[in-house]
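Biologist: I am new to this structure and would like to understand the terms by which it is described. May I put some questions to you about how each label is justified?

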Amino acid sequence: MFFIGIFGIEERAKVIRQIDVEICPFCTRKGSYTLFKVYNYLHFFFIPVLRWNTRYFIQTSCCSKVYLITNPQVAYDLEHGKDVPITLADVELFRNLQRMYQEGIDSDFCPNCGNRVSKNFLYCPYCGQKLE
């Protein structure tokens, strides 16, 4: 019997939900957060079999920053729809998109919409912003 197995390892980023906030604790302006779940997974015939290295991020709309959520209970509550307050003790700065764009630092994220794009692209395929 001849068997061909198709398998691979990939990273996936999934938008969980949009969170509106009255005052952002990071910049003290009104804005919103986008909650992302990022994980690696093994797939067999394009069916996910095993998932690991799950991380949660929030991207702020008001100050253009991406924070890694370091408190697992806060991440769990936010993913399951609870509106819990996010403090500086619960997160760690991952990327400052606005500063990276102003200083001309090469990034794999669009400074306008924050989506991940290849460094080879001249324009963002999501919003059309010129990247260089």
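Modeller: Let us begin with a definition: buried means under 20% relative accessible area, exposed means over 50%, and partly exposed lies in between, with a 1.4 Å probe and protein chains only. The model is a predicted one, in which local features need pLDDT of at least 70 and side-chain atom pairs count only at pLDDT 80 or more, while totals for chains, interfaces and linings use all residues. Residues are numbered from 1 along each chain as its sequence is written, and side-chain values use heavy atoms, with hydrogens and water left out.

Biologist: What is said of D90 with regard to burial and salt bridges?

Modeller: D90 is buried yet has no salt bridge. A salt bridge is a side-chain nitrogen of Lys or Arg within 4 Å of a carboxyl oxygen of Asp or Glu. For charge, Lys and Arg count as positive and Asp and Glu as negative, while His and the chain ends are not counted. The nearest side chain of opposite charge to D90 is R17, 13 Å away.

Biologist: Where does D90 lie, and which residues does D90 touch?

Modeller: D90 is placed in the loop between α1 (72-79) and β5 (91-96). Contact means heavy atoms within 4.5 Å; leaving aside residues up to four places away in sequence, D90 touches L68, I69, T70, N71, V74 and P85.

Biologist: How many helices and strands are there, and how is such an element recognised?

Modeller: Helices (H or I, at least four residues) and strands (E, at least two) are DSSP runs, numbered from the N terminus. The chain has two helices and five strands, in the order β-β-β-β-α-β-α from the N terminus on. Of its 132 residues, 34% count as buried.

Biologist: What makes D83 and R17 a salt bridge?

Modeller: Their side chains meet at 2.5 Å, N to O, and the rule asks for a distance within 4 Å, so the pair qualifies. D83 lies in the loop between α1 and β5 and R17 in strand β1, so the pair ties together parts that are 66 residues apart in sequence. D83 is exposed at 64% relative accessible area, whereas R17 is buried at 18%.

Biologist: Which further pairs are salt bridges, one of them formed by E79 and one by D77?

Modeller: The count comes to four salt bridges. E79 forms one with K37, the closest N and O atoms being 3.1 Å apart. Since E79 lies in helix α1 and K37 in strand β2, this pair ties together parts that are 42 residues apart in sequence. Another joins the side chains of D77 and K82 at 3.8 Å, N to O.

Biologist: Why is K37 called buried, and why is E79 called partly exposed?

Modeller: K37 has 12% relative accessibility and therefore counts as buried. E79, at 22%, counts as partly exposed. Likewise, D77 counts as buried at 11%, and K82 is partly exposed at 46%.

Biologist: What makes the phi of T28 worthy of remark?

Modeller: Most residues other than glycine have a negative phi. T28 has a positive phi of about 60° although it is not a glycine. T28 lies in the loop between β1 and β2 and is exposed, with a relative accessible area of 62%. N53 also has a positive phi, of about 55°, and is not a glycine; N53 is found in strand β3 and, at 41% relative accessibility, counts as partly exposed.

Biologist: How do you know that β3 and β4 pair?

Modeller: Two strands pair if DSSP finds at least two bridges between them. β3 and strand β4 (residues 65-69) have three bridges, in the antiparallel sense. In β4, L68 is the bridge partner of F57. The hairpin of these strands has four residues between them, and there S64 takes a positive phi near 50°.

Biologist: Why is F46 called exposed, and where is F46 found?

Modeller: F46 has a relative accessible area of 63% and is therefore exposed. F46 is found in the loop between β2 (31-44) and β3.
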